[in-house]
Amino acid sequence: MREVVVLGVGMTPFQRNTKHTFATMGREAIFKAIEDAQVNPGKVEAGYCGTVFGGSMSGQKIFKETGLTGMPVINVENACSSGSTAFREAWLAVASGLHDMVIVVGAEKLSDLGKGPLPLQMEDVEASQGMVMPALYAMRAKRYQVDNGATDEDLALVAVKNRKNGSLNPYAQFRKEVTVDEVVSSRMVANPLTLYQSCPTGDGASAVIICDSKTAKKYTTKPIKLLATTLSSGKFMNGFRDMTSPEITLRCSKKAYEASGCEPKDIDVAEVHDAFTIAEILYYEALGFCEKGEGVQFLREGKTSLDGSIPVNPSGGLISRGHPLGATGLAQITEVVWQLRGEAGNRQIKGANIGLTHCTGGGIWGFDHGACSISILGR
Amino acid sequence: MNVNANYMADSLEIKEGKVQLIGSQCRKCNNSYFPSRDYCTECIGVSEMDLIKLGPKGVLYSYTMVHVAPPDFDPPYVVGYVDFPENVRVLGQIEIANDQFKELRTGMEVSVSIGLIRKEKNENPSVYSYKFIPNT
């Protein structure tokens, strides 16, 4: 496999009720990525598109708006991991030598679906009984509280941190800081999780251009190397399992660390899938940033704050930046690339050399989650 | 038990007023499932499955009160994961008054019952299926 690097990144601001169409939102992200990479668009050999609700031929719809037509277009759906899975397929195409330069776009317009939790398919045994994604995370939270003595206020600290980070990010859907009191007293969604502990639905797009490291030499002297990008899917288990131990993330991160030659202690910045506050705490542990059961203590000590030893979600994460499903995985890559280049503005982490992105989701009964994708990038 | 289930009724056995969930078990590896299935996911491919009754009692692993739900449901309602001795975990609604939610505990024993899981709404009829009742 060839070494692959990120040449250019771009994203739209994440927001509700964008005036863009699905396609023009994707176009804005693509044009920004092309400008950032400073490449001739004609050099792009293939396009990948990740989306959940974008519909049939979503990539063609977006690329048509940019003039990038005729090339192979691959459309990818993998729930919350749709964008990151498209990115993994794009990496594979370049790493294998099939293409030298490709573009990946992720886009979603969730405002069109109205408010409230995203619909699950009623054919699902659990959804038909009343299961929703917030309830799944809430039951993880409840169990974590029982097993580890974490309080509602502890969980709220994740939202406080990520809203603070988001206040520094011009692309974030929520730009206002919140207090612990405001978080715990906001409207209850699924006990113990409140509205401010939940990621919002919204609209947004992000795009990334990658190429092989030899081609990259023509365009940049400071490429961001893709050290690993891995994909896992859920393992079906109908019996007992520890819901505070996200097994799909454990398996996927093990592969990513092995492939990259990195260890958890090497990671300087991470963008993780904080769909709800409890998730970020579980992922500190599953990604090896701290021991199992010590996530809350790690958070309380400020280890994952912008000035901590391993800042997590400097962008504001899903809770503050927002979570337009297909766009999220690529927005995470974009944030880490900005951090590694030193282009992250007021939220810049000093001297970040290696960053990790983690995107997991999909509610199917019997699975921890349906899909998980992790990338490790370095400068 | 004053009502009959009209959803997943095949997965329930009612005898002398007591309700049990019916799952299935693989003859080869003994792995158990709920709802019952024709193929074992551990053995992959052709497998011989027997129907089995779960419990009757299970243990509450975790639970939550759902306040924001899909259009066909009527929040708030309580759901929980219940572990049965056959190593099968089942998600279901918990039959409990909303002001009794605080009484729930992880690790408590629950029984199976039949109850309303979705009220008549949006021209869909009421749905009755299995529910869990805390044993006090």
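This passage walks through a predicted model of two chains, A and B, starting with the sheet of chain A and ending with some backbone oddities in chain B.

The sheet of chain A is a good place to begin. It is an open sheet of nine strands with mixed pairing, and the strand order reads β3-β2-β4-β7-β1-β8-β11-β10-β9. At the edges stand β3 (73-76) and β9 (269-271) of chain A; each has a single partner strand, so one side of each is left without a neighbour in the sheet. Going from one strand to its neighbour, the turn averages 25°, with direction ignored. As general background, strands of a sheet pair through backbone hydrogen bonds, in either a parallel or an antiparallel way.

Within that order, strand β1 (residues 4-11) of chain A sits between β7(A) and β8(A). Its pairing with strand β7 (residues 203-212) of chain A is antiparallel and rests on seven bridges. The pairing of β1(A) with β8(A) is antiparallel too, with three bridges. V6(A) shows up in both pairings: its bridge partner in β7(A) is I210(A), while in β8(A) it stands opposite I224(A).

Moving along the sheet, strand β8 (residues 224-233) of chain A has seven of its 10 residues buried, so the strand is largely enclosed by the rest of the structure. Besides its link to β1(A), β8(A) is joined by eight bridges to strand β11 (residues 371-378) of chain A, again running antiparallel. One of the facing pairs here is S232(A) with C372(A) of β11(A).

Next come the helices of chain A, where two packings are worth a look. In general, two packed helices are described by the angle between their axes and the distance between the axes. Helix α3 (residues 82-95) and helix α12 (residues 325-341) of chain A have axes that come within 5 Å and cross at roughly 60°. That angle makes α3(A) oblique to α12(A). On the α3(A) side the contact uses S82(A), G83(A), S84(A) and F87(A), and on the α12(A) side it uses G326(A), G329(A), L330(A) and I333(A). By residue type, this contact of α3(A) with α12(A) has three nonpolar residues, five polar ones and no charged ones.

The second packing involves helix α5 (residues 152-167) and helix α9 (residues 277-286) of chain A, which meet at an angle of about 95° with axes 8 Å apart. The two helices, α5(A) and α9(A), are therefore roughly perpendicular to each other. L155(A), V158(A), A159(A), K161(A) and N162(A) make the contact from α5(A), and T277(A), I278(A), E280(A), I281(A) and Y284(A) make it from α9(A). Here the contact residues split into six nonpolar, two polar and two charged. Helix α9(A) is also mostly covered, with 10 of its 10 residues buried. The buried residues of α9(A) include the two glutamates, E280(A) and E285(A), and the two tyrosines, Y283(A) and Y284(A). Just after α9(A) comes G288(A), with a positive phi of about 85°.

Now for where the two chains meet. The contact draws 33 residues from chain A and 37 residues from chain B. About 2,900 Å² is buried between chain A and chain B, and carbon and sulfur atoms give 57% of that area. On the chain A side, Q129(A), M139(A) and N238(A) lose the most area to chain B, together making up 24% of what that side buries.

Finally, chain B has a few backbone features to keep an eye on. A cis peptide bond joins G55(B) and P56(B), with omega about 20°; P56(B) falls in the loop between β4 (49-53) and β5 (58-66) of chain B. Another cis peptide bond runs from P75(B) to P76(B), with omega near 0°, and P76(B) is placed in the loop between β5 and β6 (77-84) of chain B.

Chain B also has positive phi values at residues other than glycine. M8(B) has a phi near 55° and sits in the segment before β1 (12-15) of chain B. With a relative accessible area of 17%, M8(B) is buried. I44(B) likewise has a positive phi of about 55° without being a glycine, and its place is the loop between β3 (32-33) and β4 of chain B. I44(B), in contrast to the buried M8(B), is exposed, with a relative accessible area of 67%.

How values were computed. Residues are numbered from 1 along each chain as its sequence is written. Chains are lettered from A and ligands numbered from 1 in the order in which they are written. This is a predicted model: local features need pLDDT of at least 70, side-chain atom pairs count only at pLDDT 80 or more; totals for chains, interfaces and linings use all residues. Side-chain values use heavy atoms; hydrogens and water are left out. Buried means under 20% relative accessible area, exposed over 50%, partly exposed in between (1.4 Å probe, protein chains only). Helices (H or I, at least four residues) and strands (E, at least two) are DSSP runs, numbered from the N terminus. Two strands pair if DSSP finds at least two bridges between them. Axes are lines fitted to C-alpha atoms, for helices over the stretch in contact, and angles run from 0 to 180 degrees between N-to-C directions. Angles under 35 degrees count as roughly parallel, over 145 as roughly antiparallel, 65 to 115 as roughly perpendicular and the rest as oblique. Contact means heavy atoms within 4.5 Å. Ala, Val, Leu, Ile, Met, Phe, Trp, Tyr, Cys and Pro count as nonpolar, Asp, Glu, Lys and Arg as charged, and the others, Gly among them, as polar. Buried area is the accessible area (1.4 Å probe) that two parts lose on being put together, summed over both.
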